[in-house]
Structure formats: structure tokens, C-alpha cells
Amino acid sequence: MERPYGPPRRPGVGSDPVGDPLRVRRGHTPGKPRQRRPQRLRNHQMELGLVGLGKMGGNMRERIRRAGHTVIGYDRNPDLADVHSLRELVDSLPAPRVVWVMVPAGAATQSTVDELAELLSIGDIVVDGGNSRWTDDEKHAAELAAKGIGFVDCGVSGGVWGLENGYALMFGGEKDHVARVQPIFDALKPEGEFGAVHAGKVGAGHFAKMVHNGIEYAMMQAYAEGWELLEKVDSVTDVREVFRSWQEGTVIRSWLLDLAVNALDQDEHLEQLRGFAQDSGEGRWTVEAAIDHAVPLPAITASLFARFASRQDDSPQMKMIAALRNQFGGHAVEKA
């Protein structure tokens, strides 16, 4: 009989179609026998509670199910949910439970963790896979630990492509808690040796993801600046094909470059877009952490401030600069 929330249990399945949970991905020394995880994790099919079934959470549910695990999903949208309350989700899972949270950072995550703290039991584990600030992870871990509940934070990267390509995972927490969740990490990660890391203590996963996003800000800004300059000059007549040519053999080729070419194929001069870019908050946190630790981040900081500049149709700063240039050099100014 098939289980109601995912594929049927398959005792004795010998491999995971997404990744082999038995392989040691770190610390192997050539010439020494590979260490293996404890026998209890081999071919281990899990039942997982997943809270938040939006663009990321919904695709993650599908990828985990494809790997043979059972996922019971809850979302405030009843059309997406398998169950219709957190209590029903918890009651549907066998103990010890693992509940993965994929909701927006801040108040939504806090309220979800608070409610789970009252519903879960000693020995259960909560995984926060959203974009929470690492300092919130430390708070949540302490609150749950007081009730005997484990906590793992996990930064997740992969966006809408993760269902097919896998998700890059950066997780933090105690080793025994991570080991309990490992079959799910193996199901979500890309194929191959890389794409997942136990980054360290609680908070390390989200801190690593925060830095990842800060680097992403700077890389995107560099591509954007280069694109704008190419568009401005008369001598370059096909900017899109210049970008496409960089996809092979250059030191700046990357997946972001591939996505830039995709965007230019859809709208060659990006004429359908407004020059406005939101920031998720992680760029700000990266810069704040750099200040706290006295680490210079000029490229990432500049890319964050460029996002802010995009929100100004008529920059007040440029008004002051124009006024100063006029005062000291008599340079012409444009009237509003």
C-alpha cells in the first residue's frame, strides 16, 4: 500500500538516484581505506516534515520524494499543502521527527520555530533552510535545546533550477544532529562529490550562505557594469554575442554569465525591464559582519550600494555633487 504523502517505502533499495549517502566527501587521504557512515544510515528512507511550499520549498519536496523519501508538507496555501496545520504535520510524523522550515526570515521563521517548540518532543530536530540571519540561529538553537529539541541551520542555493540540478547546501550544527538529516542533504545536493558542506557550529551554514550571496552581489554588479559600458559605445554592434562568446574559454565564464545570456536572448537590450533591483538583506548582513570583524569588502559593499542607487530616479547625492562641481569649477548644471 502506498504511503499518502510520497512514494512507497522500498526496503533494501541499494542506491539513491541523486547521490550516494555512503560516500565520504571530505577528509579522504589517498591510500587509506574510505570510512563509511554508520550502518544505521545506509539505504535509510526518511519521513520529513516540510514547512513552506513556495518556489523553493515546493521543488525541494519533489526532489526529496524522487530520492525515495516521504515528505509531508504544510503551507498556509491549502492548495499546496498535504496537511493543514503544524500540529497535523507533527502528528503525522513518526518519532524522532525531523521538520525542515522554508519560510521567510525574521518574524515568520520565529513564529514557526516557537510553535514547533511547543509541538515537538525530546529528540526531534528542526532544520531552518530559509535565509535567516546566523545570530537568529544561535537564538533558535538555544530555545529548542532547552526543550531537548535539536537544531540545524542550512543555507540553500539553487533557486528555480534546483529541482533538476540539485541545491548547494551549507549547514551548521552538532554532528549527531547533522547525521540525522544527512539522507535529506544527500537527496537535495547536486550529483557528484561537491555541493554540500557541514560548515561548522550552529549559525555557520547561514553565515556561509550570507557570504555566498555577498559574492553573488559583486559578481552580478561586475557583469552589469560591463554590459552597460558595451551598450554605450558605438563600435560594439552586438553586445549579446560578446557576452555569449565569453561562455567558453574565458576566465569570467560562470553560471551567472550563462543566465545573463539567457536574459539577453529573451530581451536583447533589456528594454522591458525597469532599472530597479531589490536586496534580500543578506548583502547588508555581509557588510555588517565585515565591519564587525574589520574585514575590507570594497567590491561587495559597492555592489550593495549600487542596489540602493537603483531606487533613485533623481539621486539627491548627485545633486550635491553637481552643485559642488559648479561651485569649485564652474561646471554646468542641469535644471530639474
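## A walk through the chain, from fold to pocket

Buried residues account for 40% of the 336 residues in this chain. What you are looking at is a predicted model, and its secondary structure comes to 12 helices and 7 strands. The chain brings distant parts of its sequence together: of the contacts between residues at least 6 apart in sequence, 67% join residues at least 24 apart.

Let's start with helix 4, which covers residues 134-145. Its 12 residues should span 16 Å at 1.5 Å a residue, and the C-alpha atoms at its ends are 17 Å apart, so expectation and model agree. The buried residues here are Trp 134, Asp 137, His 140, Ala 141 and Leu 144. Viewed down the axis of helix 4, these buried residues fall within an arc of 105°, so they line one face of the helix. The spacing fits a familiar rule: an α-helix has 3.6 residues a turn, so residues three or four places apart point the same way. What does that buried face pack against? Its partners are helix 3, strand 4 (125-128), strand 5, helix 7 and helix 10 (282-292).

One of those partners, helix 3, takes in residues 107-119 and holds Thr 109. Is Thr 109 buried or exposed? Its relative accessible area is 1%, under the 20% cut-off, so Thr 109 counts as buried. Setting aside residues up to four places away in sequence, Thr 109 touches Val 103, Pro 104, Asp 128, Ser 132 and His 140. His 140 is also one of the buried residues of helix 4.

Helix 7, another partner of helix 4, leads us to the largest pocket, where this helix gives the largest share of the lining, 14 residues. The pocket has a volume of about 1900 Å³. Of the 48 residues that line it, the closest to its centre are Glu 216, Met 220, Leu 256, Ala 277 and Arg 307. At least two lining residues come from each of helix 1 (55-66), strand 5 (150-157), helix 7 (204-232), helix 9 (255-266) and helix 11 (298-309). By type, the lining divides into 27 nonpolar, 13 polar and 8 charged residues.

Next comes helix 8, residues 239-245, where we find Val 239. With a relative accessible area of 7%, Val 239 is buried. Beyond its neighbours within four places in sequence, Val 239 is in contact with Trp 227, Leu 230 and Glu 231. Its C-alpha atom is separated by 8.5 Å from that of Glu 268, although the two residues are 29 apart along the chain.

Finally, a few spots in the backbone deserve a look. Most residues other than glycine have a negative phi, and most peptide bonds are trans. Where does the chain depart from the trans form? One such place is the cis peptide bond joining Ala 95 and Pro 96, with omega about -5°. Pro 96 sits in the loop between helix 2 (86-92) and strand 3 (98-101). Leu 270 has a positive phi, near 55°, and lies in the loop between helix 9 and helix 10. Ala 294 likewise has a positive phi, about 55°, without being a glycine, and belongs to the loop between helix 10 and helix 11. As for their surroundings, Leu 270 counts as partly exposed at 24% relative accessibility, whereas Ala 294, at 69%, counts as exposed.

How values were computed: Residues numbered from 1 in each chain as written. Predicted model: local features only at pLDDT ≥ 70, side-chain atom pairs only at ≥ 80, totals over all residues. Heavy atoms only, no water. 1 Å grid on protein atoms, 1.4 Å probe; cavity = no way out; pocket = protein on both sides within 12 Å on 5 of 7 lines; lining within 4 Å. Points joined across faces, edges and corners; volume = space filled by probe spheres on them. Helix = DSSP H or I, 4+ residues; strand = E, 2+ residues; numbered from the N terminus. Nonpolar A, V, L, I, M, F, W, Y, C, P; charged D, E, K, R; others polar. Buried < 20%, exposed > 50% of the residue type's maximum accessible area, 1.4 Å probe, protein only. Contact = heavy atoms within 4.5 Å. Expected span 1.5 Å × (residues − 1). Arc of directions from axis to C-beta.
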